[in-house]
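Subject: Structure handover

Hello,

Here is the structure I promised to pass on. Please open it and keep it beside this email as you read.

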Amino acid sequence: MTCNCVDAPVPPLFGVQTLFAAQHTSESCGANGLPLTPNSITILGNAQKLKTLNHSNLVSHLDFIRKQHGRIILVSQYFNRSVWTESKNCSLLLPLEKVLSWTHKVLSALTYLNDNGLVHRFLTPQYILLDDEDNVKLFNYGIYYMTNSGKNITFPIGKLKYTAPEVLVLDRASNKSGPKTDSWSLGIIVLELLLGAQLWPTLKLSQIIRKILSLTHCTDVVMRLAREMGRLTMYQSFPTELKDFLSKCICMDATKRMCPKELYDHKIFSLYENSKILTNKCYSCKHPLRQMKLNQVYYLWKLAGGDAEWALKKKGLLRNESSILLLPRLIILEGTLYGNTRNQSCLLDLQIIELSLDLLVNRLQHLKITDYDPLIDQIKECDDPTEKLPLVIREKDTEYQFHRIVLFDRLLSSYPFKLDRLLAEAKKDIPPYFRGEIWACLLNICGDTENTYLSIDKETAGVTDRQIEVDIPRCHQYNDLLSSSVAHKKLKRVLKAWLVSHPKYVYWQGLDSLCAPFVYLNFCKEHVAYACLTAFVKKYLNDVFLRDNSTVIREYLIKLFHLIAFHDPQLANHLDDKGFIPDLFAIPWFLTMFSHVFPMHKIFHLWDKLLLGDSSYPLFVGLSILTQLRSTLLNSGFNECILLFSDLPEVDIEKCVLESSKFSDVTPRSITFRKHEFRTETREHDPCLIYEVLQNEFSPRISVYDLQELKRSCHKFLVVDSRAQDCYIEKSIPGSLNIPVKEEDFADENFDLEPSPELSALVNNRGSVLIVVDNVYELNKVNKFCRFLVKKEYPKVCSLHGGIEVLETLNILVPAILF
C-alpha cells in the first residue's frame, strides 16, 4: 500500500543514452536517383514502434530525438537497480528461487518481444533492471530493431561474452539474429548468478572470441564454462531440472537451443513457483507525479525546461568542437574523405544518464493533492488568466498543460458519455499531448476500425501506385518522422486502403498532404489514421476526389468569392476589377484543406478549430487568410497578385483561426450552403443551386430559415424590398425597407439611388445583414441590385432564396406602413 504526498521526493524516472547512425557516402543515391534517406531518419522511423510496446517487464521508451551528424538520443524509463548491482557484479551468491523468479520474468518479456517481431540482442545483467518492488524491467531491448538489425550503425550490438556463437561467425548483413540468440545470453547470465562468479572477467576481446569459438568441440558446454569459472563442484550439485534448463539455453547448435517461449514453460519453474518468492514491496509515501502515466510526466518535464541533450552535455557525452578542426585533408572525386580527424564525441558510449525531475517538481510544488486526481464533475470552469494568453504560450505553460492533460485524460476515458464536455473544452484549445485522440473523437471515430482496416487489400498493385510513390517523398519532408521510409510505407498503405474502400474516388495530387497529419499523429495506429481520413474527407471534401471534380471544386471557389463579397465588398470589387478570381490561387487550399500550404505545426492549430466547425468552415479559413493579405492585395495588380500567391507570405495562424471563428459566428449558415457538401437531409427552401446559377451571382443567397433565425436573434439585419411600391404596400415583411428599382436602371453606369428617408435608413444600417427581396421571377434585377450595393461597398449583402413567394407560404407577410 502506498500513499500520495506532494512533499515526497521524486527519484529520477528517466534515463538517456546516445548513439550515432552510420553515414552514407556523399554520392550515395537510391534507385529513384534521389539521395538516400539518412540512416538516422530511418532509425527514427523504426523506433516509433518501440513506444507502443507495453509489458510489465519492459521499460517504456519515451522519446527518440534526432540531432546533427546522425546522432540519436534515446529517452526511456530507468531504474538505478539491476541484477548486476543486486548480485554485486555477479559475485554474490543469490537464492535459487530469486534467480528463477527473475529469469521467468525475463523470459516473459522476451516472449512478448518475439511475438511483436523483436529480438533483444543486447541482454546483459546491467540491462535487467529492478524497480522498487523487485519487478524485472528489461532495458535497451530496442537498439537491434531500430537500427535494422544493426545495418544502420557502425558498431556491433551486444556484449561479447553474452553473445551467441552464431552471431560471431555469420555475416550480419545477410543473417538476422533470431529469438534463440537471447536464450544463449540469458543462459550465461543465469549461470553467473547461480555460481556467484563472472565468466572470463579478465580476458581481452580477442581471447573471449577464441574461447567462445573453442566451445564448438565441447560435448557439455555448460560444464566447461562452470569449470573455467572455478565452480564445477557447485554446478554438479544443481538439480537435474536446472542443469537441463541451462543446457537448453547454452547450446552451440542453434537448432537444438530452445527459444524464450519454450523456455518459459520449462518444468524448472513449476518446481519453484513464483508464489514462494517474497517481493520487495515499497510502503513509503510517493509523490502523485509517480501515479501519472510516464509519457505525461515526460511531456510535462520537457515543458518545465527539461532537456535530454543538455543532460548529456553536462556529463561530457556531447562536446562541441570547432568545425574547421574536423575538415578532411583530401576528398577524392568519388567522395571518399582522407585525413579527417574523428570527433571523439562521436564514439560509442552507451552510458546511461539519469534525468532529474526537480525542475518539474518545483514548477508544480504549489499544487494540491486533489489537483492530480480530480473528479470530472468537480472540475469547474474558472477564470484562468492563462486562457487569455496566445495559444503558443499556453502550449508551453507547464501548469496550464498539466491541468489540461489531467482533464482530457478523464474526458477521453469516459468518451462518448462526456462528449459535450469534451467539445466545450476543445473549443478553448486542444492540448498537443492528446491531439490525435481528440481529433478522432471530434470525427466520431468508433467501432472496430482495426479489423476494418486489416480487411482492406493494401498490397495489390493499382494504377495510382506510381503517382503515390512519386508524391510521398515530397510530402512534408522537412519533418524528420514523415521523411523516414517507415512513414512513406504507412502513408502509402493508408492512401491505398482509402482508395480501395472508396472506388468512386481517384487519387488526386494533394491527397498525400491531406493524409500526412493523421499518419503523423497516429503513427503506430494506421487504422485510426485511415478512419480519421475517411471521416474527414466525408465531412469537408465530399465528392472532391471524383474523377471529374470540376463542378465540386468550382462550387467551393464561387462560394469563397460570395463570402468575400459578403464580408469585404471593397476587396471583392478590387479582385473582380483585376480579374483575380479564386480559381487562380485557392484550389490547393480546399483540395488539401490547407495542408499543402502550411507547415505541420500550423496545420495542427488550424485543424484544431476546423474539426469543431461544420463543412463550411474551410471557406472562413480562406477568407481569414485573404483578410491578412488584404492591404497588399488592394495595392496590387493582377501580376502582383499572382506573384504574391506563388510564394505565400507568412500567415499568423492564430489570428487566422480567431478571425475565421468570428466570420463563422456572424454568417448565416445558408450563405455558405453547397450542393455537394455532405448532409443527412436538405430542407425544401435551402439554396441548393447548380454552379451555372452561382457563377452569375455576385452576392450569396440566404434561406428563409436563416431569415427567421435572424428575427429571433440579436443580430442586426434589414430586409430591402425592391418591388414596386403598390406591391410592397399590399404585402411585405414587417420592418422591411422599400426601395423600388427597375432592372433597366442598372444599365446606366452612373445610376444612383435618389435621396430619400429609405436611403437614409439604408445608410444608417450599413454593417447589418442586408437582405434584398423581390419576386422570384425578378432574379436578374435582384442580382444587379445586390451587385450595385456591393459596388457601393455595403457589407453583408445577400438575396432571399425563393423570393417574396417563399414568405407567402409561411404567412408572415402583412400590409406595409410607409415612412
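Two strands count as paired if DSSP finds at least two bridges between them. Keep that in mind for the sheets below. One more point before we start: this is a predicted model.

**The overall layout**

The protein chain is divided into five parts: domain 1 (6–77 + 302–366), domain 2 (86–141 + 155–274), domain 3 (449–541), domain 4 (549–667) and domain 5 (691–810). How far apart are the C-alpha centres of domain 2 and domain 5? They lie 87 Å apart.

**The four-stranded sheet**

Start with the open sheet of four strands. Its order is 2-3-1-9, and the pairing is antiparallel. Strand 2 (61–66) and strand 9 are the edge strands, and each pairs on one side only. From one strand to the next, the twist averages 20°.

Now look at strand 1, residues 14–20. It runs antiparallel to strand 3 (residues 71–77), and seven bridges join the two. Val-16 of strand 1 stands opposite Val-75 in strand 3. Strand 1 also runs antiparallel to strand 9 (residues 349–355), this time with four bridges. Here Thr-18 has Asp-349 of strand 9 as its bridge partner. Val-16 has a bridge partner in strand 9 too, namely Ile-353.

Is strand 1 mostly covered or mostly exposed? It is mostly covered: seven of its seven residues are buried. In a regular strand, side chains alternate between the two faces of the sheet. In strand 1, both faces are covered. Phe-14, Val-16, Thr-18 and Phe-20 are buried on one side. Gly-15, Gln-17 and Leu-19 are buried on the other.

Which helices lie against this sheet? Helix 1 (residues 39–47) lies across strand 2 and strand 3, and runs at about 165° to strand 2. Helix 13 (residues 294–303) packs on the sheet as well, touching strand 1, strand 2, strand 3 and strand 9. The direction of helix 13 makes about 40° with that of strand 2.

**The three-stranded sheet**

There is also an open sheet of three strands. Its order is 4-5-6, again with antiparallel pairing. Strand 4 (81–82) and strand 6 (136–138) stand at the edges. Each has a single partner strand, so one side of each is left without a neighbour in the sheet.

Three bridges join strand 5 (residues 128–130) to strand 6. Leu-130 stands opposite Val-136 in strand 6. Helix 3 (residues 96–115) packs on this sheet and touches strand 5 and strand 6. Its direction makes about 40° with that of strand 6.

**Aromatic pairs**

Rings of Phe, Tyr and Trp count as a pair if their centres lie within 6.5 Å. By this rule the count comes to 38 aromatic pairs. Two of them are worth a look.

Take Phe-245 and Phe-269. Their ring centres are 5.5 Å apart and their planes stand at 85°, so the pair is edge-to-face. Phe-245 sits in helix 10 (residues 240–249) and Phe-269 in helix 12 (residues 268–271), 24 residues apart. Phe-245 is buried, with a relative accessible area of 0%. Phe-269 counts as buried too, at 8%.

Next, Tyr-299 and Tyr-433. Their ring centres are 5.6 Å apart and the planes are at 55°, so this pair is tilted. Tyr-299 lies in helix 13, while Tyr-433 is in the loop between helix 19 (419–428) and helix 20 (435–442), so the pair ties together parts that are 134 residues apart in sequence. Tyr-299 is buried at 16% relative accessible area, whereas Tyr-433 counts as partly exposed at 24%.

One aromatic cluster is formed by Tyr-556, Phe-580, Phe-585, Trp-589, Phe-590, Phe-594, Phe-598, Phe-638 and Phe-645.

**A buried aspartate**

Last stop: Asp-774. It lies in the loop between strand 13 (769–773) and helix 38 (779–791). Why does Asp-774 count as buried? Because its relative accessibility is 2%, and buried means under 20%. The side chains of Asp-774 and Ser-722 are joined by a polar contact of 2.6 Å. Leaving aside residues up to four places away in sequence, Asp-774 touches Ser-722, Arg-723, Lys-781, Val-782, Gly-803, Ile-804 and Glu-805.

Best wishes

Terms used: Residues numbered from 1 in each chain as written. Predicted model: local features only at pLDDT ≥ 70, side-chain atom pairs only at ≥ 80, totals over all residues. Heavy atoms only, no water. Buried < 20%, exposed > 50% of the residue type's maximum accessible area, 1.4 Å probe, protein only. Axes fitted to C-alpha atoms, helices over the stretch in contact; angles between N-to-C directions. Contact = heavy atoms within 4.5 Å. Polar contact = N/O pair within 3.5 Å; in protein donor to acceptor, adjacent residues only side chain to side chain. Domains from an automatic or database assignment. Phe/Tyr/Trp six-rings, centres within 6.5 Å; stacked < 30°, edge-to-face > 60°.
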